[in-house]
Amino acid sequence: MGKAVALITGASRGIGKGIALELASHGYDIAGMATSLTSGIEDTKREVEARGQQFLTVVADVGALDQHERVADEVMATFGRIDVLVNNAGVAPKVRLDILETNDESFDRLVDINLRGPFFLTQRVANQMIKQTAAGAPYAPKIVFITSISSNVASTNRAEYCISKAGLSMAAQTYAVRLAEYGINVYEIRPGMTDTDMVAPAKKKYDDLIAKGLLLTSRWGTPQDIGKAVVAFCEGYFDYATGAVIEIGGGYGVERL
Ligand code: NAP
């Protein structure tokens, strides 16, 4: 049996890169998706290869459903298997607009990339995994959804983001239910404030909130923090916990009095 292969969307930077490097450090070959060939995805490739694993760059827009077949075909052509799917790619609104002022263009963009795309990519990859399961080889595929604390924390200046993530949380639950009979475990990770390009525009605001005690672990999250959690799921430490939802956010969600 060959090495396990992880398909990670949004592997060019930020959390997706962190996940790619952690999985590579644990022996996974990586198929990393990005929207274009940038120095970012080249860096991820080089760093994965430096860990002794293979890296395939897959250029695609996760929101474009007509590209999904090619994505799966490219991974299968190179590696012949998909063991892990990490639905990580996501976007924030281009401009944070109040819920009373935001527009359908921003809403549609967020839902297409953050929800509709990963929902249908998962459908395609899950069907591929089911075929591999039927082949009878030792095989324990996993699917991980990277959602957000915004799945259940309402922000009125980016409602479309919160709504897309809440929908993605339910996608994780429904796939966990449907895929259990095939032994395909599905997990959801909700990152908190994680130091990446996505939150750079709000860095000062969160720096101040963290300094004032917002988090129990008083620092920004890192892509590696999320990558470690993905490894724990993929390496079988949560095999009896399909459907599990875990917040990796420095204790943000702990209610206090
Ligand atoms: P990031 O640094 O902005 O990186 C986003 C990644 O997604 C990039 O690799 C980007 O590829 C890719 N991507 C964007 N649109 C895409 C599309 N249409 N098709 C394919 N790939 C696309 O963001 P991040 O902070 O790492 O976020 C990763 C995930 O974590 C997102 O789902 C985000 O919502 C979630 N999250 C982040 C935080 C946080 O604080 N950072 C908190 C909670 C949840 P290109 O380089 O090609 O653009």
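## Contacts with the ligand

Let's start where protein and ligand meet: a polar side-chain atom of Thr196 is 2.5 Å away from an oxygen atom of the ligand. Keep in mind that this is a predicted model. The backbone takes part too. In Thr194, a backbone N or O atom lies 2.8 Å from an oxygen atom of the ligand, and a polar backbone atom of Gly192 is 3.2 Å from an oxygen atom of the ligand.

How much of the ligand does the protein cover? On its own, the ligand has 900 Å² of accessible area, and the protein covers 93% of that.

## The shell around the ligand

Now let's look at the neighbours. The ligand has 31 residues around it, and those that come nearest are Ser12, Thr35, Asn88, Tyr161 and Thr196. You have already met Thr196, whose side chain has a polar atom 2.5 Å from a ligand oxygen.

Sorted by class, this shell holds 15 nonpolar residues, 12 polar ones and 4 charged ones.

## The largest pocket

Where does the ligand sit? Its place is in the largest pocket. Three elements give two or more residues to the shell around the ligand: α1 (14–25), β2 (29–34) and α5 (159–179).

The largest pocket has a volume of about 1000 Å³. Its lining is made up of 46 residues, and Gly90, Val91, Tyr161, Thr196 and Met198 are the closest to the pocket's centre. At least two lining residues come from each of α1, β2, α5 and α6 (203–211). By class, the lining of this pocket has 22 nonpolar, 17 polar and 7 charged residues.

## The second largest pocket

There is another pocket to explore. The second largest pocket has a volume of about 190 Å³. Which residues line the second largest pocket? They are Val91, Ala92, Pro93, Lys94, Val95, Arg96, Arg109, Met198, Val199, Pro201 and Ala202. Two of these names may ring a bell: Val91 and Met198 also belong to the lining of the largest pocket.

What classes do the residues of this second lining fall into? The lining has 8 nonpolar residues and 3 charged ones, with no polar residues.

Technical notes:
Residues are numbered from 1 along each chain as its sequence is written. This is a predicted model: local features need pLDDT of at least 70, side-chain atom pairs count only at pLDDT 80 or more; totals for chains, interfaces and linings use all residues. Side-chain values use heavy atoms; hydrogens and water are left out. A residue is near a molecule or strand if one of its heavy atoms lies within 4 Å of it. A polar contact is a pair of N or O atoms within 3.5 Å; within protein, one must be able to donate a hydrogen and the other to accept it, and residues adjacent in sequence count only if both atoms are side-chain atoms. Accessible areas come from the Shrake-Rupley method with a 1.4 Å probe; for residues, only the protein chains shown count as cover. On a 1 Å grid over the protein atoms alone, a cavity is a set of points where a 1.4 Å probe fits but cannot get out, and a pocket is an open set with protein on both sides within 12 Å along at least five of seven lines; lining residues have an atom within 4 Å of a point. A molecule sits in a cavity or pocket if more than half of its atoms lie within 2 Å of its grid points. Helices (H or I, at least four residues) and strands (E, at least two) are DSSP runs, numbered from the N terminus. Ala, Val, Leu, Ile, Met, Phe, Trp, Tyr, Cys and Pro count as nonpolar, Asp, Glu, Lys and Arg as charged, and the others, Gly among them, as polar. Grid points are joined across faces, edges and corners, and a volume is the space filled by probe spheres set on the points.
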